[in-house]
Amino acid sequence: MECAIEVENLTKVYGDLKAVDNISFKVKKGEVFAFLGPNGAGKTTTVEMIETIRSPTRGRIKVLGQDVKKSTKEIKERIGVLPQEFISFERLTVRETLKYFSNLYKKHIDIDEIMDIIDLKDKENELYMNLSGGLKQRVGVAIALVNDPDIVFLDEPTTGLDPRARRDVWNAIAGLKKQGKTVFLTTHYMEEAEYLADSIAIMHRGRIVAEGTLDELIQKYGKRSTLLLKGGRAEEAAEALKENGYDAEVVDGDVEIKIVKRDAVLDILFYLREKGISYREVDIRHSDLEDVFLNLTGEKLAEET
Amino acid sequence: MNPKIIATDFVASLKNYLRNRGTLFFSIAFPVILILLFGAIYSSGGGGSYELYVKNFDYENGMIIAGMMNDSIAGNFTNFYDAVYAQLNGTGVVKIRIIKDSEVSSRKELQDYVESKKLKSVMVIPENYGMMLGLAIANENATLAPNVTLMLDQSEMQRNSIIISVISQFFGKSNLIIAGGENFMRFNTTNIVQEKFDYIDFFVPGVIALTVMTNSIFGVIESNTKFRKNGILRKLLTTPFTRAEWIMAKMLFMLFMSFVSTFVIIIVGMAVWNLNVHFNAYMFILIISGSFAFAGMGMIVTRFVKDEETAPAAANVITFPMMFLAGIFFPLEMMPSFLQVIAKFMPLYYVGQGLRDAMIFGDAAGALANTIVIFLFAAVVFAIGVAVTSWKEE
Ligand SMILES: Nc1ncnc2c1ncn2[C@@H]1O[C@H](COP(=O)(O)OP(=O)(O)O)[C@@H](O)[C@H]1O
Ligand SMILES: [Mg+2]
């Protein structure tokens with residue numbers, strides 16, 4: 001499959017600081033790719049180099065098969081960007097704002113269509129400055145769509161929003177994927193990556209410390225989910241499960257079974273009933289990206305949620 | 001350069017401007033208020049009394065005359081003329097201002113003096129007036145007495161009639177005392193013909209220059225700090241909008257604002273203060289050059305002060321002294337000479353002075369000289385401004 005973005009040995013140095021430290025990755029066409037990492041990890045520096053607006057110290061970047069250094073103009077026509085902490089022209093209405101940005105490109109799609117997709121139609125004549133934070137960000141996403149881009153870059157699109165507004169922005173982003181756009185999402189919220197992303201790259205101190213789908217990351221770096229059977233004949237149950245290929249052991253009189261696949265839980269419970277092995281209580285402990293990040297870096301991803 | 005992109009940005013700037021009361025106020029209302037206010041302050045003519053300048057070519061002899069005359073006129077004064085001045089001041093209608101011998105010692109000098117100081121009413125007492133007057137009285141022949149001359153600016157009719165009536169009354173009274181009413185003391189009038197400039201003529205070009213300065217500097221500062229902070233510059237960098245197009249769009253809008261402000265200021269000046277304006281090419285070149293010069297200065301400021309709040313303060317450090325020292329509110333001649341030297345280093349001075357020469361005085365040579373200075377300055381400063389402004393985050 002052709003790649004939307006290919007990054008090879010990319011490095012950006014600021015004085016003594018390696019803001020981006022020799023990273024390589026690929027983004028497939030049509031996927032939502034999330035760059036997950038805490039503040040200062042180097043996410044913005046990386047996306048802005050891909051967007052052609054910062055120059056790499058070293059390394060190669062190809063966007064839609066074209067080198068960013070050589071084909072800057074062509075690439076700009078084919079990408080849509082929502083910069084971090086973007087605030088648009090305060091005294092233009094939503095419609096005027098979209099029209100403004102749309103006029104900058106050779107190719108543009110109907111503004112009404114964009115407003116339908118992002119659900120802005122009833123706000124089209126409001127001044128940007130009078131919109132709520134969530135609506136501003138949705139306008140920001142809409143602006144990134146005016147040239148019908150192949151790739152949409154969203155740098156921390158929900159930072160500072162309340163949970164409801166965040167949901168609305170997420171829905172707008174999920175809508176982009178349905179349209180077949182490649183989405184490059186930058187975030188420090190793990191739920192955002194979990195909810196939206198097909199692929200996730202975890203960035204820490206300028207490096208990509210892990211990469212893969214959500215399940216792959218959790219399997220590989222999470223503590224994995226664990227099924228707990230409490231009460232009953234623990235030894236007998238553990239033996240039976242091991243025989244059937246499960247990773248089970250007895251800890252403090254309970255059986256702990258590592259879950260590899262998400263639907264394994266039901267299989268296990270059915271299997272135990274078939275065998276006539278009873279227990280008093282079932283519990284599941286989940287692992288998430290937060291665990292993954294903690295395991296990889298020894299640090300917490302974010303203080304807030 | 002894509003004209004459609006430039007037009008798009010221009011229209012957006014225009015909408016933003018029209019919807020922002022703050023910028024509207026400072027670019028339109030504020031200069032208009034300045035003109036109405038300062039025009040009114042300076043045209044009120046000083047509270048009811050008129051300055052009457054006196055050039056007395058016979059002051060020295062006043063002591064001798066006082067000795068010869070009876071007390072009724074000279075009173076306690078040892079100089080006859082001091083008594084005359086005191087009487088005239090005593091009317092409360094005129095204020096005597098003596099033109100000293102060190103300033104004017106001949107009639108030729110007097111003419112130049114009256115023109116250069118734009119005096120409106122001058123009383124001239126001829127040489128040996130006192131002697132001749134005494135001679136006439138002694139011979140009881142009024143024709144021997146010379147005339148006192150009143151030089152009056154013909155455009156000031158009300159003022160002239162008041163001054164004439166004050167002098168007539170005073171002379172009439174004096175004649176009554178001296179010689180029972182015969183006209184020994186007489187005066188004639190001559191016209192002062194000069195192109196007359198009021199304070200408002202001086203002030204309006206200055207306000208235009210000032211407004212061009214504030215519009216341009218603060219306009220650039222907004223687009224270079226606020227738009228940078230808000231990510232608009234970063235966003236535009238990811239679009240096909242080029243830097244050259246951006247500069248072009250912003251400068252066109254700034255010129256548009258400068259001309260709108262100029263237009264409004266001139267209209268108000270003409271409507272309220274009877275301003276008489278010459279429109280010519282210098283005026284346009286000065287406003288365009290001024291806009292570029294101050295835009296360049298704004299760019300240089302934001303190169304060093306990037307913060308949205310502190311950049312305007314930094315710009316104030318530059319614009320404030322210029323506002324008061326570059327001959328906008330008061331003519332340079334009124335300031336101490338070291339400040340006059342400082343003013344010559346301020347671009348605003350050349351814009352203001354050039355506009356005055358071009359719009360008001362019709363002084364083509366002066367306008368050209370100032371235009372050349374500000375044009376060259378603008379070319380250099382704008383080029384530096386563009387060179388030091390980075391749109392890109394490094
Ligand atoms: N223009 C710059 N000059 C110097 N240092 C910078 C610059 N931009 C970013 N950095 C530094 O590079 C690191 C990565 O920043 P950034 O890419 O913004 O991280 P993130 O987007 O992941 O929060 C940070 O330590 C930041 O201070
Ligand atoms: Mg960032």
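Begin by selecting ligand 1 together with G42(A), where an oxygen atom of the ligand is 2.9 Å from a polar backbone atom of that residue. Keep in mind throughout the tour that this is a predicted model.

Next, add the side chain of T45(A) to the selection, since an N or O atom there is 2.5 Å from an oxygen atom of ligand 1. Then display R54(A), whose side chain has an N or O atom 3.2 Å from a nitrogen atom of the ligand. With these contacts on screen, switch on a surface for the protein, which covers 67% of the 560 Å² of accessible area that ligand 1 has on its own.

Widen the selection now to the whole shell of 14 residues around ligand 1, of which G40(A), G42(A), K43(A), T44(A) and T45(A) come nearest. If you colour this shell by secondary structure, the elements that give two or more residues to it are β2 (17–28) and α1 (43–50) of chain A, and the largest share, three residues, comes from α1(A). Colouring by residue class instead will separate the shell into five nonpolar, five polar and four charged residues. Finally, colour by chain: the residues that surround ligand 1 come from chains A and B, and the site is therefore shared between chains.

From here, move to chain B as a whole, and colour its two parts separately: domain 1 takes in 3–43 + 198–388, while domain 2 spans 50–178. The C-alpha centres of these two domains of chain B lie 49 Å apart, a distance that you can display by placing a marker at each centre.

The last stop is the internal space of the structure, which holds four cavities of 30 Å³ or more. Turn to the largest cavity, in which about 80 Å³ of space lies, and select its lining: V220(B), S223(B), N224(B), W246(B), I247(B), K250(B), M251(B), M254(B), M299(B) and W391(B). Show the helices behind these side chains, and you will find that α9 (199–229) and α11 (243–273) of chain B are the elements that give two or more residues to the lining of this cavity. Of the elements that contribute, α11(B) gives the most, with five residues.

Which classes do the residues of the lining of the largest cavity divide into? Colour them by class to see seven nonpolar residues, two polar residues and one charged residue.

Note on methods
Residues are numbered from 1 along each chain as its sequence is written. Chains are lettered from A and ligands numbered from 1 in the order in which they are written. This is a predicted model: local features need pLDDT of at least 70, side-chain atom pairs count only at pLDDT 80 or more; totals for chains, interfaces and linings use all residues. Side-chain values use heavy atoms; hydrogens and water are left out. On a 1 Å grid over the protein atoms alone, a cavity is a set of points where a 1.4 Å probe fits but cannot get out, and a pocket is an open set with protein on both sides within 12 Å along at least five of seven lines; lining residues have an atom within 4 Å of a point. Grid points are joined across faces, edges and corners, and a volume is the space filled by probe spheres set on the points. Helices (H or I, at least four residues) and strands (E, at least two) are DSSP runs, numbered from the N terminus. Ala, Val, Leu, Ile, Met, Phe, Trp, Tyr, Cys and Pro count as nonpolar, Asp, Glu, Lys and Arg as charged, and the others, Gly among them, as polar. A residue is near a molecule or strand if one of its heavy atoms lies within 4 Å of it. A polar contact is a pair of N or O atoms within 3.5 Å; within protein, one must be able to donate a hydrogen and the other to accept it, and residues adjacent in sequence count only if both atoms are side-chain atoms. Accessible areas come from the Shrake-Rupley method with a 1.4 Å probe; for residues, only the protein chains shown count as cover. Domain bounds come from an automatic or database domain assignment.
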